[in-house]
Every structure is written in C-alpha cells, then in structure tokens.
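Colleague: I am new to this structure and would like to understand the reasoning behind the words used for it. Could we go through them one at a time?

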Amino acid sequence: MTLLLTEALALPAWSGVRVLAADDAVAPVVVRHAEVLVGPQDPVRGQGALVAVVGVLDRSDWRIDVLIRRAASADAAALMVRGDEPLGRASALVASRLRLPVLGVGDPLAAAVALQVHLALPELAAARWVTAISTALGAAPPGVDGLVGAVGRQWQRPLWLLDSAGNAAAGPEWDGARAAAGRAGRATSVAEWLQRPVDRGAEFVHLAVPTDHPRGAYLVVHRRPTDDDSAVLAALQVLAPTVAGRLAQQRLAAERDARQRMSLLSELLQSGGRLAADAPRRMLDQGWQLDGWHIGVRIDVPSALDPVALLPEIRRAFADAGVGAQVVENGEGWAAWTTFADQPSQAALQTHAASVRRVQWLLRSNLPTVMGVGSVQPGPQGLVRSLGEAGDAARIAVTRTAGGHLVHVDRLGVGQLLLAWTRTDTFAPAASSLLTPLQGQAGLLETLAAYLEAESSLADTAAVLGVHRNTVSARIARAVDLLGVDLGDPDERLALQLACRSVLSHR
Amino acid sequence: MSTLRRADLDDFVRGAMLLGSGGGGDAALYGYQLATLLPETGVELVPLADAVAGGLGQVAPIGMIGATSVLGEKLPHGGEIGEAIAALQRWTSRTVEAVIPVEAAGLNAALAVSAACELGLPLVDCDLMGRALPRFDQLSLIAADPALLRCAALCDPGGQLMIVDHSDPAELERTVRSHVANAGGWAGAAFGPVAATDLVGRVCEGTLERALTLGRSVSGTTDAAASAVALGGRFLATGRVTDVRRPAASGAQFGRGSFAVTDRSGPVLRIEAENEYLVAFLDGEPVVSCPELICVLNRRTAEPIAVERLRAGDDVQVIALPGPRWWTGSPSRVATVGPRAFGIDLDPVLLPVRAAG
C-alpha cells in the first residue's frame, strides 16, 4: 500500500514531524515504504521510500546537500532528518530544486517505524480476512450455501452469492436495490451494478466467481466503513475459486441426481405406466406419487440452454407460483407434473392452469419458455398420458404467440379444428380485409388476438404480453374504435378471433 | 626562461592568488614590496632543468609559516628569511645557492621573489605544493621522500631563531606549529637545504610561471568563464554568496567553513573550505575537489577572493582550474591532497580535461 505524504503527516505518531523543505507546486508525493539510514553516508536504495536518517547529521554543510541529492537520485519520496530546526537557505533551495521534501523530527527512527507499521496495516488486514476463510473452510458444512454462510460468519459481515441477474443463491436476506443504488444511484439494476468495477469505498464489494454456470456467480460482501477495499477484494479473490469448486461439486451431484431422475422418467414413459416391481419404490424415493390424479406440464427452452443447471430456477418458479410439482430434466427442457390425491374440482383445475401461466410469467425475463399442459388423468398410465399430451401441446405452443407460447391440451381439439378451418383460401382474404384497419398499428393486432385468446381478461393478456394492463385496455379500445366492432356481440367477437388466428397464422 | 618584471606584478599577484584556491595568504602584501624591490631587469624564473644542468648545488625552500592573517597586523621586519637561511647554513654547514618557494601560491609566491631579490640568490621556478596547501605532509618532497626534508630554521617577528632537525613530518608539523603559535603567530622559514638534483621529479615545476599565465588569462577585462574553459577548467556558478558558515572559534587549527552561492535560477553551488576552497557541489553533487583549484572571483573585477574574506552577499563567480599535475601523478599523491585528507569523506573529483598542468 502507498500513502500520500500529506496523509503520513496526519498520522498521530507523526505529530512532531515538521516539513523543513517542500515544493508545493509538484504532484502529490506517494510514500511506499520507510527506509532507515544509520549514517548519512549509507546507500539510499528505495524508490518511493521515506529515507529516515537516524544518525546525527550536520545540516549546515555539504553533507545535507549530498544526502538530499542522493535521496532524490534514488527517487526517494522524502528525506527525514533528526531535529526540526530549519534547513539552511541553500540546502532548502537544493531540496526544492530536486523536488525532494525534507522532514525533521526528534526521533526519525520512531517516525519511520510508525510509517512502516501504518503501511503494513492493510496487508495485515488482508491477511486476517484470508485467514478467516481458511478457518471457515475447516468448519463449513458441505455445499455452496454452507461455505458462504460459514465465511460470512467468520468475517462477521453479510456475504451473498448472486447470479448475474442479481438473485441471491446463498446468504442472508438480500436487498439488491440498495446495493445497486450504491453511490448516487449510478447503476440502474443489480445486474448492471455487478458488471461494474467496485467503487472505492462502496458499501457492497462484489467479485465475479470464475464458473461456467449459465447464470454466472458473484460474491458480494457488505463491508464496514472501516474495512479496506483492497483487503476485502483480495479476500474475495481467494474465496472465489473455492466457491467455484463447490459450485462444480454441486453441479456434479446435480447431474448425478438428474441422470437418476431422467432414467426413472424414461423407464416410466417407455413402460406406458406398467411398471417393473421395484420401480414404484424407487419413484417413491424420488418423492413421486404415482397414485392419484396427475396433470403433466412440458417446458421447452432454446436448445443452447442447460436443463440441469437451470433446474433450480424452474423449481423456484413453480414454488413461487404455488404449484406443487415434480420437475425432471427431459430432452431440451423439463417434464413436470402435479399430483392430486383425489380428482380435482373444476375450480382447482382453473387455479392450476392460472398458476402454470404464472410460472411462465415468472420465468419470462430470464428464461423464454414454451409450455404445454396435459389433461388431468389418474394413475401411472394417466401420468404418462398427460405428459404425452403436454408434449404435444408444447409443440403446438411454439407457434402460438398470441397464447404466450402456452397451450392447454383441454382446449387443443377445438382450437386445432378452428385453426384448420381458418386456413382455407376462402376465409383468409376475408379475415385479412376485416382486420385491414389494424395494419401498421404496432401491437394492436397482437394485443387484440391475445385479449380474445385470454377470454377478454385484461390481466391475463397483460401477463401474456408482459405489458401493463392499462396498456392492454388502451390498445383494445383503439382496436375496437378502428374496427368499429362491438366486442359484447358474441358473433362479432367470434368472427374477430377467427380472423386474428387466420392472419397471425399466415404471417 | 621567463623573467618577472614590474609590469607583470599585478598579473603575477592575481595568479598567485588563483593558485591559492582561496588560501595561501594575501600576495598583495609582498606585491607592494616587490614593486620597489624588483630590479629594472626583473627576476629570472630559472627552470629546474636549467638549474640542474648548470650544476646548481643546495637549494632552500622558503616561506612564511603560521597564520597569514596575523601578518597584516604584525608586519615583518624584512630580514626573517635571510636570518633563517643564514641559520640553516650555519647549522648544516652547507651553502644555499638558490631559493624556491615552499608554496608558489598566495603570499609565499611573492615572498620567494622578494627574498631572492633581497638576498641576490637565483630563484628556481618550482615549489613543493604547486598551489596552496595547509600541512607539511602535503609538501611534495615529503610525500616523495620524507628523508630529504628533516631540517627547518624559523625566524619569528621578534627575531627569535629556532632550528628543528631530525624530525619526521609529523614531528616537524607539531613542533613548528606549537612554536609559531606561541611566538607571534607566524615565522619566516627556510627548509633543507636540498641538492638541486634531488628536487627533480619531487617538486611541482614551473608554478611561478603558471601564476603569471593564470593571472594574465583571468583578469578583470576577460570573461572568467571562458578563461576557465580555455585553461582546462570549468565554470561553476555565478550569484550571491548565501549561507556562510565559518568554524566556531574553538582553537582548532583548521576549521571547516561552508559557503553557498545561489542565483535566481541556476543550481545551488556549495563550497566546503578550510584554509582553501576544497570541494564544490552543484545541487548536492560533488563536481570538483582538491587538488584542483576552486577560485571565487569578484564578478565585477575578477579579483580572487580568499576564504577568510568571503562574505554573505558578495556578488561572485566561481570557476575551477586544473590543480598541479604532480599531485595527480599517482593515487597515493592524490590521496595526500584529496578531500579525505581534509576530513571530507568523498573521493577526489578531478576535472575531465587536464590540458594545462
């Protein structure tokens, strides 16, 4: 660490130090370390050193000049001599010409030692931070969470592991907005803040963990005002590879579990629900309830993404949406299903459908998904069948922008029929001319289509399009105005919805 | 062979002062006397080679010993050197056939000329220092072969005579200094005598003529800086004298003085001095040291200013001139007259160009 000479002069141990010669015009003087000369003839080595001469020095003759010269030639930061009587005019002039500050103090050794100790403090602090990591490693429970928790306790400071979107994967309660606000609210989001270098003196210090996890990983610590930035950062740099190691371990374990689940699921699907003798037991071990009524859900993502690594996000979304579901990596996505002990009521099915839509909505910003939902079916064979329906529905949903890429198989039969009919050559031109007023009106056609698909629900339409419901209602009002139709009239609404389907499918 | 005439006296005195490097005493004191003493035809400065070739016998180095500043208050009666030589002849039963100055710098250069005129003895142009130096062990003859110079005759202003013999250099120094200090502050001295042949290679030759040359080159009408360079020396600084430190009156034989010369923009020149200017520093870097000559000149008149006359506020220019070649002839000789011989812990810093000896 380095210190400005002006800062050094403010040290309490330097209260007796007087500036005997200084050139105010030059750039700030940076002191890197202290170097003690016993006699004025000792060689001066240190670049950036405070050269303290402990021996008695006659400062009225050539010796002080030569010493100043030698210190300046060695690029010393400053020269310190015994006694605070002023320098002779000529020597002060030499010091000023060579731009070497000269300090005087009664005990140069004590002052030099005080400076050296002060300069070493950050290294000491960094050593303490790093030592705490090693102590924590000894006691930390397995897993990333255990490690982050243990280190945080050792440091006695809140420590988090975040993904690049700013969601906490480990650590205490996380208030991302506060960290991102930082100083003068420079970052607009946590994600953006994580990409920036750490501000000097910022409340939260963050560092990227070297990992190949698709969501990235960042360590964030809430420093205290007295903590030295570089010490904290150094400690995080030591911790980061360890965390990366644990992440890799966790990943290995997850892949092992995933393989088990996946093979169990394919066993189930291939058997068509007629299981081998020990299969139910193994499925029970996984927490799968084969009896009862099941609704299968198929979730597909772009093929570049990694289903194993992203499984926790899917699970979290299901949990957040209040859907109890098993989720298993399957192909380029996931197979999920919800099990009801008894045949669910119509209301329960409605709730479930809404919740699945909410799952997709929760995932929308990080993970664009295509989802298909099967019908409710009883028993193991029912599960297989519902998952199959969900897969079919998902394949159809790929093209369904209006439905937000979510298709419920219960509505699939009618939908497909209508769709087939609306694609005929007689209907398409008529539909196109009906909707002509909406041409060139950005978003109106899509909004109208989504609104009609969503049973005229502003809230659902807003969720599907990811816009505010007021935006939806404004667009609908404009579309109605432009088209001159009455959506309260079932005939007109049906005609309009069919026309929308036709036009959108021809795009 | 050159001759020193009355018309040359001003240059000769100035040159002797330059060779003094700030010490050696005020040559003008004997210079006034020389103006009347010097014959119309002048005094021949006999080169040593000519003297040896002419079969010259015993030669006595002569000079004033002691505090040159006291000389101005306690004036010589004029016969000191003559009496010292007479005593030397009586004691050694040898006839002194010629004189040489002990140091051909400052007042001793002029004194030797004056004594040669008065006594009617030839003046051989060589000396034992080549410049001003303070101590007996810094006599070239002693540095070369101490056995050659063990006897001295001293005549103090009160007329008291003392002969010292069989002394080694340290004893000679001690005895003579303590006697002089207690007997009026200064004394006229004659050493040896030494056979002219023994002087060859053990003395600085041609110093008197060099004084004449230097005095002509560095005069009020010339550019001192240019002259210094032309003479193989260098220009050091010009400016006002600041930070004058003189030794406390502690009774020490040679006190250390330190002077700084600064001007508005140039580097800070510091000169360390005892009886002579010894080492010059520019911004803390030693740039020239004894045995080279460091000369502080009045900027207006180019007159050399002696150490004891330098005052704060003096407007000066400072030049360095090559010192006597004899002393730089070997490392041990340089060490005898280098900075460490004066307690300044520095290696000698010699001028790069030594065209003139």
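Colleague: What joins β13(B) to β14(B), and through how many residues?

Modeller: A hairpin of six residues makes that connection between β13(B) and β14(B). Please keep in mind that this is a predicted model, and that the values I quote are computed from it.

Colleague: What makes β13(B) and β14(B) a pair?

Modeller: Two strands count as paired if at least two bridges are found between them, and β13(B) and β14(B) have five, running in the antiparallel sense, so the requirement is met. One of these bridges sets V261(B) against L269(B) in β14(B).

Colleague: How do you know that β12 of chain B and β13 of chain B pair as well?

Modeller: The same requirement of at least two bridges applies, and strand β12, residues 234–245 of chain B, shares four bridges with strand β13, residues 257–262 of chain B, again in the antiparallel sense. Among the residues involved, R245(B) stands opposite S258(B), and T242(B) has A260(B) as its bridge partner.

Colleague: In what order do the strands of the open sheet in chain B lie, and why is one side of β16 and β17 left without a neighbour?

Modeller: The seven strands follow the order β16-β15-β14-β13-β12-β18-β17 in chain B, with antiparallel pairing. β16 (285–289) and β17 (293–298) of chain B stand at the edges and have a single partner strand each, so one side of each has no neighbour within the sheet. On average, neighbouring strands of this sheet are turned by 35° against each other, direction ignored.

Colleague: Which helix of chain A packs on that sheet, and which strands does this helix touch?

Modeller: That is helix α3 of chain A, residues 89–97, which touches β12, β13 and β14 (269–273) of chain B, and whose direction makes about 130° with that of β12(B).

Colleague: Why is β13(B) described as largely enclosed?

Modeller: A residue is called buried when its relative accessible area is under 20%, and six of the six residues of β13(B) are buried, so the strand is largely enclosed by the rest of the structure. Both faces are covered, with G257(B), F259(B) and V261(B) buried on one side and S258(B), A260(B) and T262(B) buried on the other.

Colleague: What makes D65(A) and R270(B) a salt bridge?

Modeller: The rule asks for a side-chain nitrogen of Lys or Arg within 4 Å of a carboxyl oxygen of Asp or Glu, and the closest N and O atoms of D65(A) and R270(B) are 2.5 Å apart, so the pair qualifies. Across the interface of chain A and chain B the rule finds four salt bridges, and 13 residue pairs are in polar contact between these chains. On the side of chain A that touches chain B, α2 (62–73) and α3 of chain A each supply at least two residues, and α3(A) gives the most, with six.

Colleague: How many residues are in contact between chain A and chain B, and how much area do the two chains bury between them?

Modeller: In chain A, 17 residues are in contact with 22 residues of chain B, and the two chains bury about 1,600 Å² between them, of which 50% lies on carbon and sulfur atoms. W62(A), R69(A) and R97(A) supply 38% of the area that chain A buries against chain B, more than any other three residues.

Colleague: Why does S21(B) count as buried, and what is its phi?

Modeller: The relative accessibility of S21(B) is 0%, and the cut-off for buried is under 20%, so S21(B) counts as buried. Its phi is near 50°, a positive value in a residue other than glycine, whereas most residues other than glycine have a negative phi. S21(B) is placed in the loop between α1 and α2 of chain B.

Colleague: How do you know that D283(B) is buried?

Modeller: D283(B) has a relative accessible area of 6%, and the limit is under 20%, so D283(B) is buried. D283(B) sits in the loop between β15 (277–282) and β16 of chain B, and its phi is likewise positive, near 50°.

Note on methods:
Residues numbered from 1 in each chain as written. Chains lettered and ligands numbered in written order. Predicted model: local features only at pLDDT ≥ 70, side-chain atom pairs only at ≥ 80, totals over all residues. Heavy atoms only, no water. Axes fitted to C-alpha atoms, helices over the stretch in contact; angles between N-to-C directions. Contact = heavy atoms within 4.5 Å. Buried < 20%, exposed > 50% of the residue type's maximum accessible area, 1.4 Å probe, protein only. Buried area = accessible area lost by both parts, 1.4 Å probe. Polar contact = N/O pair within 3.5 Å; in protein donor to acceptor, adjacent residues only side chain to side chain.
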